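Visitor: I've got a structure up on my screen and would like to talk it through. Can we take it piece by piece?

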Amino acid sequence: MNYNNPFFKKNNNVKVIDVLKALNIKNLKIKNIKLNNIKELDQANINDITFFNSTKYIDLLKKTKSKILMTTNKYRNLVSKDFTVIPVHNVFLAVAKITELFYPDSLNDSFDKNVSIIKKNKFKNLKYGKNVLIGKNVKIGKNCSIGHNSIIESNVIIGDNCIIGSNVIIKKAIIDKNVKILDGAIIGKKGFGFFPNKNVNIRYPHIGMVLIGKNVEIGCNNTIDRGSLSNTIIGDNTFLDNQVHIAHNVKIGKNCSIAGQVGFAGSSLLGNNIMIGGQAGISGHIKIGNNVKIGGGSGVVKSIPDNTNVMGYPAKDIRNFLKDNKNG
Amino acid sequence: MNYNNPFFKKNNNVKVIDVLKALNIKNLKIKNIKLNNIKELDQANINDITFFNSTKYIDLLKKTKSKILMTTNKYRNLVSKDFTVIPVHNVFLAVAKITELFYPDSLNDSFDKNVSIIKKNKFKNLKYGKNVLIGKNVKIGKNCSIGHNSIIESNVIIGDNCIIGSNVIIKKAIIDKNVKILDGAIIGKKGFGFFPNKNVNIRYPHIGMVLIGKNVEIGCNNTIDRGSLSNTIIGDNTFLDNQVHIAHNVKIGKNCSIAGQVGFAGSSLLGNNIMIGGQAGISGHIKIGNNVKIGGGSGVVKSIPDNTNVMGYPAKDIRNFLKDNKNG
Amino acid sequence: MNYNNPFFKKNNNVKVIDVLKALNIKNLKIKNIKLNNIKELDQANINDITFFNSTKYIDLLKKTKSKILMTTNKYRNLVSKDFTVIPVHNVFLAVAKITELFYPDSLNDSFDKNVSIIKKNKFKNLKYGKNVLIGKNVKIGKNCSIGHNSIIESNVIIGDNCIIGSNVIIKKAIIDKNVKILDGAIIGKKGFGFFPNKNVNIRYPHIGMVLIGKNVEIGCNNTIDRGSLSNTIIGDNTFLDNQVHIAHNVKIGKNCSIAGQVGFAGSSLLGNNIMIGGQAGISGHIKIGNNVKIGGGSGVVKSIPDNTNVMGYPAKDIRNFLKDNKNG
């Protein structure tokens with residue numbers, strides 16, 4: 001799923017000098033070129049600024065097309081002389097500041113003031129309830145249905161044959177065809193990302209989207225946050241039960257089944273054909289392989305290889321779980 | 001609680017030949033009688049089609065009034081010669097298809113297009129908020145109250161002295177008297193039942209209701225799904241705290257107290273006077289006896305006898321739990 | 001945070017004789033003075049009635065300014081002769097009855113009938129969406145924003161620069177400045193407090209408020225219940241992720257970070273700078289110190305001292321948790 005992001009307006013006049021100002025860096029003599037965007041190592045192009053914050057990404061560092069990056073003194077010697085380096089104390093804080101520079105509206109979490117009551121015949125064969133609010137430039141495919149009091153914010157794209165329930169809120173999302181989004185679901189809110197800071201935390205910008213594949217079902221009262229720099233993704237034909245929470249940047253594959261009240265912390269990567277039982281929790285920044293089964297109530301705190309069946313807290317191979325609890 | 005189901009229109013012209021067509025069965029010579037309905041073994045009457053899918057139900061098989069059933073080759077020899085047998089590969093898939101045949105609208109999960117803004121004086125002594133939407137043939141007892149933006153879909157029945165909060169959605173439900181349903185609760189949605197199927201899962205029809213006994217309290221943002229073939233039931237004077245999730249076919253007895261964020265997987269059967277602590281999870285298809293206490297955060301994965309006090313994941317007798325964790 | 005409670009109208013004509021009548025106590029010869037209020041030991045003034053129900057509070061008993069209290073025979077000999085004692089069988093049941101006597105409206109959980117569609121220019125620089133409902137005497141600071149379909153019930157106070165999402169319900173709450181309350185959150189509902197009683201539970205009155213400090217963020221679909229006698233408090237700069245549930249009387253300190261789907265049972269007391277991972281559960285009536293870290297999925301069932309890092313169910317020091325699970 002490759003989509004342009006229609007939700008955030010980019011400032012196309014960011015130069016190196018603006019970056020240095022935003023980071024409060026003085027006396028650093030580097031060429032004041034114009035920058036196109038801020039991107040992760042593997043996504044960055046030649047005129048994008050990027051960042052390096054962990055030896056985990058050393059391979060990506062070697063392959064990135066970017067030539068200007070932010071890093072800390074700790075990692076500076078790992079960066080080749082070909083790069084223009086901007087030294088920072090805290091990489092993520094610097095990324096947040098520079099992202100905000102490119103996307104000045106990315107911290108705004110206020111409601112969409114551009115919505116209005118849906119107009120008859122605006123969308124082809126759309127059935128809609130009372131008090132449905134639609135933003136500007138919303139695209140809705142044919143034969144869709146939107147329930148009462150639902151809000152589709154500006155620039156959202158919805159494919160053919162989708163069924164949206166009542167009291168649903170969708171923002172910053174691109175939804176493929178034949179998708180069901182049930183009552184009370186909230187899609188596309190800014191993720192829970194911030195820098196703890198005494199008295200006033202510093203919020204992390206979230207310029208990612210939520211991408212929902214075809215034939216997906218999203219349960220009642222689900223909350224699916226949009227990504228920070230990358231997107232939050234739900235793959236084709238994946239079904240989510242009620243009260244599931246999916247944090248920013250999580251990517252779930254195809255044909256997964258996720259039962260009620262399951263929660264995903266940020267940035268985890270899940271494969272295809274995964275089954276997750278009710279109330280299980282998936283930690284952040286881990287990788288779950290294809291064809292994995294996770295028992296209800298499990299707490300998954302580390303990556304799980306393909307074709308594995310786990311249960312428990314912390315989750316372990318189900319054979320070990322059953323052995324350890326045989327007298328339960 | 002015995003109620004007729006006013007929510008799904010039955011096709012009264014289903015014959016054996018229609019069943020065979022729907023199941024793609026050819027060359028089976030059986031009498032083309034007219035069928036009345038599809039029912040579980042113990043509920044089925046003489047002209048209903050039923051099904052047999054587990055030796056667990058062998059006693060019910062002997063007692064059922066139905067004379068025509070679907071089963072697999074594996075169980076065929078357990079079925080007496082008195083039955084007309086329709087052999088199938090997957091019993092539940094066949095049940096889903098035949099249920100849809102009797103109830104063509106049972107897979108439709110779209111919002112109720114027949115609601116309209118509530119009319120003054122339509123219900124006796126009803127207090128109601130702004131933007132309350134009421135479907136067709138809704139019955140509401142005297143002295144009730146319905147908060148802002150709430151939606152009561154067609155054919156719902158609500159008893160006397162009920163208090164419904166704001167942003168509540170009720171469909172496919174029959175509610176007894178003196179019930180409180182708090183803000184944001186969603187009652188009666190189709191359950192999370194489907195057959196995993198690559199690319200396009202097959203949804204299971206849900207023709208059950210939600211039955212809520214008298215003096216019940218349902219907390220904020222609860223989700224209570226309706227049953228598939230049978231009903232989801234909350235017994236008299238049972239109280240549910242906020243963010244509780246109850247899946248299809250769950251039956252909870254009387255005088256139970258269920259704390260915040262508890263989740264029930266489908267089809268479990270709970271007795272009376274049960275207390276469940278916050279965030280506990282109850283697996284599907286198990287039986288919890290009367291007077292059981294389940295500690296907060298427990299994961300109950302097997303049936304629990306009467307008068308038992310359990311805790312842990314998996315839940316065990318609390319004395320064993322405390323012994324095992326005495327150095328915690 | 002010290003605020004007068006503008007939400008419940010007090011009956012200022014309660015005398016000792018009314019208390020005895022409500023408790024069905026006859027033949028007790030005590031002076032029929034006029035009572036000002038019912039308060040906990042440490043909050044009570046000279047003309048307030050109070051109560052004593054546990055040796056835990058023996059120090060508060062010695063210091064209270066009240067001179068009239070309710071207690072059981074079991075504790076009577078711990079109470080000095082200076083007090084007028086009203087003997088009761090069940091202290092909390094008596095407190096509930098007398099609270100209702102002072103606050104006849106405290107059991108009413110119906111929607112606010114006094115709201116109306118927000119009027120233009122009523123609040124300074126307020127941006128608001130469609131169908132926003134505002135109660136009587138609501139105070140909203142400057143430069144706030146309130147999303148679509150949100151309901152702010154009567155007497156609620158909101159500080160400057162607050163951002164309230166869509167589908168939010170706020171009642172019985174006082175909110176400081178720079179607070180964000182995201183879509184679908186429900187603040188100020190009556191807590192889940194009642195006396196189990198066959199056939200008809202007895203509800204506990206809730207006359208507390210929800211107090212939210214400055215710079216707080218409350219996530220989507222959160223439920224935060226108001227206090228019973230005391231208040232539910234969220235301290236300055238504390239951030240809550242989506243689907244968090246906070247029960248009555250919980251007091252959370254400053255600069256805390258609470259991840260998705262965390263749940264708090266009633267009356268627990270949390271310090272400052274606490275980090276809680278997703279889906280963790282905090283039992284009722286415990287104390288969590290400052291600078292505590294609680295791992296995702298943990299079940300905290302007892303008090304935790306300052307500067308501790310815990311994980312597990314039941315939660316234990318993380319070093320012990322890791323040791324016990326090293327082969328997981």
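Visitor: Which residues of H4(B) are buried?
Guide: Keep in mind that this is a predicted model. Buried here takes 20 or more other C-beta atoms within 10 Å of a residue's own. In H4(B), the ones that pass are Ala94(B), Val95(B), Ala96(B), Ile98(B), Thr99(B), Leu101(B) and Phe102(B).

Visitor: What do the buried residues of H4(B) pack against?
Guide: The partners belong to chain B, and one of them is a helix, H1 (16-22). The rest of the list is strands: E1 (14-15), E3 (37-38), E4 (48-51), E5 (68-71) and E20 (202-203).

Visitor: How far does helix H4 of chain B reach from its first C-alpha to its last?
Guide: H4 covers residues 91-102, so 12 residues, and the expected span counts 1.5 Å for one less than that number. The expected figure is 16 Å, and the helix comes close to it, with a reach of 16 Å.

Visitor: What kind of axis relates chain B to chain A?
Guide: Chain B lands on chain A with an RMSD of 0.0 Å after a rotation of 120 degrees, and the shift along the axis is 0.0 Å. That makes the relation one of a three-fold axis.

Visitor: How many residues of chain A are in contact with chain B?
Guide: Chain B brings 33 residues to this contact. They split into 15 polar, 13 nonpolar and 5 charged. On the chain A side, the count is 38 residues.

Visitor: How far apart are the C-alpha centres of domain 1 and domain 2 of chain A?
Guide: The domain assignment puts domain 1 at 14-102 and domain 2 at 116-324. Their contact takes 5 residues from domain 1 and 7 residues from domain 2. Centre to centre, the separation is 31 Å.

Methods: Residues numbered from 1 in each chain as written. Chains lettered and ligands numbered in written order. Predicted model: local features only at pLDDT ≥ 70, side-chain atom pairs only at ≥ 80, totals over all residues. Helix = DSSP H or I, 4+ residues; strand = E, 2+ residues; numbered from the N terminus. Buried ≥ 20, exposed ≤ 12 C-beta atoms within 10 Å, placed from the backbone. Contact = placed C-beta atoms within 7 Å. Least-squares fit on C-alpha atoms with pLDDT ≥ 70 in both. Nonpolar A, V, L, I, M, F, W, Y, C, P; charged D, E, K, R; others polar. Domains from an automatic or database assignment.
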